[in-house]
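Please work through the exercises below with the sequence and the model side by side, trying each task before reading its solution.

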Amino acid sequence: MEKFKKVPKVIGLFSGCGGLDYGFQQKGFQIVYANDIDKNVKETYEYNLKHEIDINDIHKVEKEKIPQGDVILAGVPCQPFSSAGNRKSTKTKDGNLFLEVTEVIKSQKKKPKVVVFENVRGFLSSKDNDGVLMTDRFIIEMGNLGYKTTYKLLNASDFGVPSNRYRVFIVCVDLIERKEFIFPEPPLMTPKVTVGDVLSRKTPKGEEVEVWKLPPSSQKIVPFITEGGSWKDVPYKELSDRHKRIRDNIKKYKSPNFYRRFARTEVMGTVTATSSPENSGILHPLEDRRYSVREIARFQSYPDKFKFIGVGSLQMKYKMIGNSVPPKLAEVIADSIKKQLF
Ligand SMILES: C[S@@+](CC[C@H](N)C(=O)[O-])C[C@H]1O[C@@H](n2cnc3c(N)ncnc32)[C@H](O)[C@@H]1O
């Protein structure tokens with residue numbers, strides 16, 4: 001690994017269990033502060049990143065106490081912009097969280113050189129309360145603070161992550177650098193990693209296989225779904241009343257592809273925070289169950305030494321993994337930032 005002249009210091013905001021922060025750490029960046037509101041991520045973050053995480057609502061954090069950083073990482077919550085969410089964007093409190101990031105920037109003695117935001121694809125078409133596209137709003141807000149902003153939609157699977165995950169990365173560079181961040185291009189000729197490739201690996205020795213059980217409604221219909229299939233395989237009479245209504249009027253409901261069960265030859269879909277069998281491709285191709293915690297962690301490119309610990313319920317583990325930036329993609333961004341700016 002190429003060495004830095006001076007190791008850049010990272011402030012992690014909305015760090016979750018640490019996917020984005022971990023990728024930067026792997027590339028030699030040093031975490032000096034991390035924050036998240038969710039106490040469930042604390043033990044996992046601290047065990048794996050070997051750095052304390054401040055569990056607090058970002059609104060309540062005394063910004064001037066945050067140590068000086070060179071890079072701010074901010075995977076602001078995506079629900080207000082997600083097509084699965086309500087898309088109320090800045091009308092919601094969460095949609096305004098990015099303003100908290102600008103407060104952190106303003107409270108720093110020296111302006112951090114780079115600020116990285118990450119969000120869902122729906123962010124690209126979201127507008128603020130005044131009808132301004134959020135991308136333009138970011139360019140304006142960050143421009144007012146003296147940053148040049150570029151953004152790009154990336155698919156994690158183009159960079160070796162074993163699942164399709166489209167996310168927008170917004171990289172803002174201090175104008176003083178007179179540089180615009182150039183996004184990395186996917187490596188040429190890299191074969192995509194399939195579900196079968198991921199499942200061919202055994203659970204790490206000594207690790208408990210943790211599987212969040214399917215709800216009874218799913219247990220009833222999942223056995224009908226073939227590898228590579230979906231709820232379309234389920235006989236009409238086996239469906240719930242809600243599903244019958246949808247199937248009766250499938251066009252009206254925009255032909256949903258519920259209960260997708262990816263085949264071993266396919267690339268996995270996006271691992272989601274809800275891991276709902278109806279909407280997330282979470283079904284194992286051969287066994288009538290959700291993927292295990294380790295399997296979804298692998299789909300998200302977490303290395304096996306990364307442990308998910310200290311939470312009361314299995315559901316929380318699925319949530320933190322589904323919320324993550326895949327560390328492998330984070331490493332690619334970190335590498336590019338390192339080469340261009342440090
Ligand atoms: C998309 S996830 C971030 C994922 C993380 N960057 C990663 O790569 O693993 C958004 C995070 O924002 C946190 N969050 C939501 N509201 C918050 C608030 N008011 N203050 C601090 N963190 C908040 C959530 O708990 C969640 O972990």
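Three exercises follow, each with a worked solution.

This is a predicted model, in which local features need pLDDT (the predictor's confidence in each residue, from 0 to 100) of at least 70 and side-chain atom pairs count only at pLDDT 80 or more, while totals for chains, interfaces and linings use all residues. Residues are numbered from 1 along each chain as its sequence is written, and side-chain values use heavy atoms, with hydrogens and water left out.

**Exercise 1.** Describe the shell around the ligand and its polar contacts.

Begin with the residues near the ligand, that is, with a heavy atom within 4 Å of it: there are 19, and the closest are Leu20, Asp36, Asp57, Ile58 and Val325. Next, sort this shell by residue class, which gives 7 nonpolar, 9 polar (a class that includes Gly) and 3 charged residues. Then look for polar contacts (pairs of N or O atoms within 3.5 Å): a polar side-chain atom of Asp36 lies 2.7 Å from a ligand oxygen, one of Asp57 lies 2.9 Å from a ligand nitrogen, and one of Ser324 lies 3.4 Å from a ligand oxygen. Finally, with accessible areas from the Shrake-Rupley method and a 1.4 Å probe, the ligand taken alone exposes 600 Å², of which the protein buries 91%.

**Exercise 2.** Find what the salt bridge between Glu207 and Arg294 joins.

Apply the rule first: a side-chain nitrogen of Lys or Arg within 4 Å of a carboxyl oxygen of Asp or Glu. The side chains of Glu207 and Arg294 satisfy it at 2.9 Å, N to O. Glu207 sits in the loop between helix 5 (195-199) and helix 6 (216-221), and Arg294 in helix 8 (residues 293-299), so the pair ties together parts 87 residues apart in sequence.

**Exercise 3.** Judge the confidence of the chain.

The mean pLDDT of the protein chain is 93, and 94% of its residues reach 70 or more.

Technical notes: Polar contact = N/O pair within 3.5 Å; in protein donor to acceptor, adjacent residues only side chain to side chain. Helix = DSSP H or I, 4+ residues; strand = E, 2+ residues; numbered from the N terminus.
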